[in-house]
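Subject: Structure for you to look at

Hello,

Here is the structure I said I would pass on. My notes on the salt bridges and on one helix packing follow below it.

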Amino acid sequence: MTICLIGKNLTTLVLSKILINKGINVDLYYLDNNISKNLTNTISRTIGLSNDSIEFLESQKILFKKKCWGIKRINLYKDESFKSFLNFDSKKNSFFIASYNNFYKSLEVSIKKNKLIKFKRERSQKSLFKILKKNYEIIILGDTNNYLFKKYFSKQIRKNYKSTAFTTIIDHDKVENNIAEQYFTKFGPLAFLPISNTKTSVVFSVFEKDLIKNNSKILELIRHYNRIYKIKKINALKQFPINLSLSRNYFHKNILSFGDALHRIHPLAGQGFNMTLRDSKILTQLIKKNLDLGLSLDTVLEKFEAKRKNPNLVFAMGVDFLYEFFKFNNRYNMKSIDYIFKFMNKNLFIKNKIENFADKGLIF
Ligand SMILES: Cc1cc2nc3c(=O)[nH]c(=O)nc-3n(C[C@H](O)[C@H](O)[C@H](O)COP(=O)(O)OP(=O)(O)OC[C@H]3O[C@@H](n4cnc5c(N)ncnc54)[C@H](O)[C@@H]3O)c2cc1C
């Protein structure tokens, strides 16, 4: 059995590795357009992984906790306030930060050695259509930048946040660095995500139109909100426009849309790739189950959609609600909300529920 994957990115590499681990062959097709340029763009990008996600990656020998930076506490702040209104504490590390590029490169090196995967470089969009004529039972599309995606998955729920995420790494004096912080500023959410005792990654998702054009003001604001670090240097800022997109159809015939192609969410909760990992777990279980029973894979995509569409929709809407809530709250400075947060912060039941939601997503 050979599964076809299209696109060469973190999503398809992770999925390939899980399939290979189950003894399934993979043909991975990609257009060699922008891979090295993309890696330059993602130099300052980090991926926050929940405990559940990292344990899944460890079980698949994809990424290990010791290669990531462990976070013991998450503090959330309202704009200029020095007191966090909500915090999540854990004696063990509860969240892990991985460098996007290190994760990508080490995974690529490890799976290239495997005989079950064949990398197939295509030169043109047209040649991707030829794949449809081959006899793959399942084709998984993990990339939006091609005609196949545009032809079969153009029906999307979309929202343009009119925001840009600025990412960078700050170099600072050595500190014990296991607390992640997020400020819901009046310009948009600003997160400080530690990656070592001397480096911290920053994600500033800015919705203020004039600020988006002003890099030096962005740097000034990062310095202004930073309360922990003695900054030595702020590295180059990278920019990513932010959208919400959710595919209305998960599959067309035997083609499945997957990863960011299937769902993109606002980065404020650091959950986009965690959603993809939850999908990967379910999809590969469904494939393996049919193969073990000697069944064809005809029903797998339908079952996958039935299992994942609602949880993904509700999860994405939950993150969108959070974004709109803080935007609204900052604009109108509603003091009564502070009482609700005070109550939530003291209520272990509610905090556990939120932690579970961020760790495992929604389980129906
Ligand atoms: C600034 C930022 C920070 C993120 N932080 C986290 C995190 O901490 N934890 C986590 O699980 N996921 C996070 N994500 C989502 C995660 O980066 C993607 O799911 C992941 O990179 C997909 O990797 P890929 O290599 O398969 O796709 P890529 O080759 O990276 O292609 C996906 C494309 O989608 C873009 N993209 C991703 N999300 C959005 C969005 N909402 N709006 C617009 N474009 C988007 C990426 O920048 C990229 O260009 C973040 C996304 C962004 C933009």
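Lys 8, Glu 108 and Lys 112 are joined in a network of salt bridges. Please keep in mind that the model is predicted.

Within this network, the side chains of Lys 8 and Glu 108 form a salt bridge with an N to O distance of 2.7 Å. The pair connects distant parts of the chain: Lys 8 sits in the loop between strand E1 (2-6) and helix H1 (10-21), while Glu 108 belongs to helix H4 (residues 100-112), and the two are 100 residues apart. Lys 8 has a relative accessible area of 13% and Glu 108 one of 15%; both count as buried because the values are under 20%.

Glu 108 also meets Lys 112, side chain to side chain, in a salt bridge of 3.5 Å, again N to O. Here both partners lie in helix H4, 4 residues apart, which is about one turn of the helix.

A further salt bridge is the one between Arg 308 and Asp 279, at 2.6 Å from N to O. This pair, too, links distant parts of the chain, with Arg 308 in helix H10 (residues 300-332) and Asp 279 in helix H9 (residues 272-292), 29 residues apart. Are Arg 308 and Asp 279 buried or exposed? Arg 308 is buried, with a relative accessible area of 8%, and Asp 279 is buried as well, at 0%. For the structure as a whole, the search gives 14 salt bridges.

Next, the helix packing. Helix H9, which holds Asp 279, packs with H1 at an angle of about 30 degrees, and the axes of H1 and H9 are 10 Å apart. The angle is under 35 degrees, so H1 and H9 count as roughly parallel to each other. The crossing of H1 past H9 is right-handed.

Which residues make the contact between H1 and H9? From H1 they are Leu 10, Thr 11, Val 14, Leu 15, Ile 18 and Leu 19. From H9 they are Phe 273, Thr 276, Leu 277, Ser 280, Leu 283, Thr 284 and Ile 287. By type, the contact of H1 with H9 has 9 nonpolar residues, 4 polar ones and no charged ones.

If you open the model, I would start at Glu 108, which pairs with Lys 8 and with Lys 112, and then go on to the contact of H1 with H9.

Regards

How values were computed. Residues numbered from 1 in each chain as written. Predicted model: local features only at pLDDT ≥ 70, side-chain atom pairs only at ≥ 80, totals over all residues. Heavy atoms only, no water. Salt bridge = Lys/Arg side-chain N within 4 Å of Asp/Glu carboxyl O. Buried < 20%, exposed > 50% of the residue type's maximum accessible area, 1.4 Å probe, protein only. Axes fitted to C-alpha atoms, helices over the stretch in contact; angles between N-to-C directions. Parallel < 35°, antiparallel > 145°, perpendicular 65-115°, else oblique. Left-handed = near helix turned anticlockwise from the far one by under 90°. Contact = heavy atoms within 4.5 Å. Nonpolar A, V, L, I, M, F, W, Y, C, P; charged D, E, K, R; others polar.
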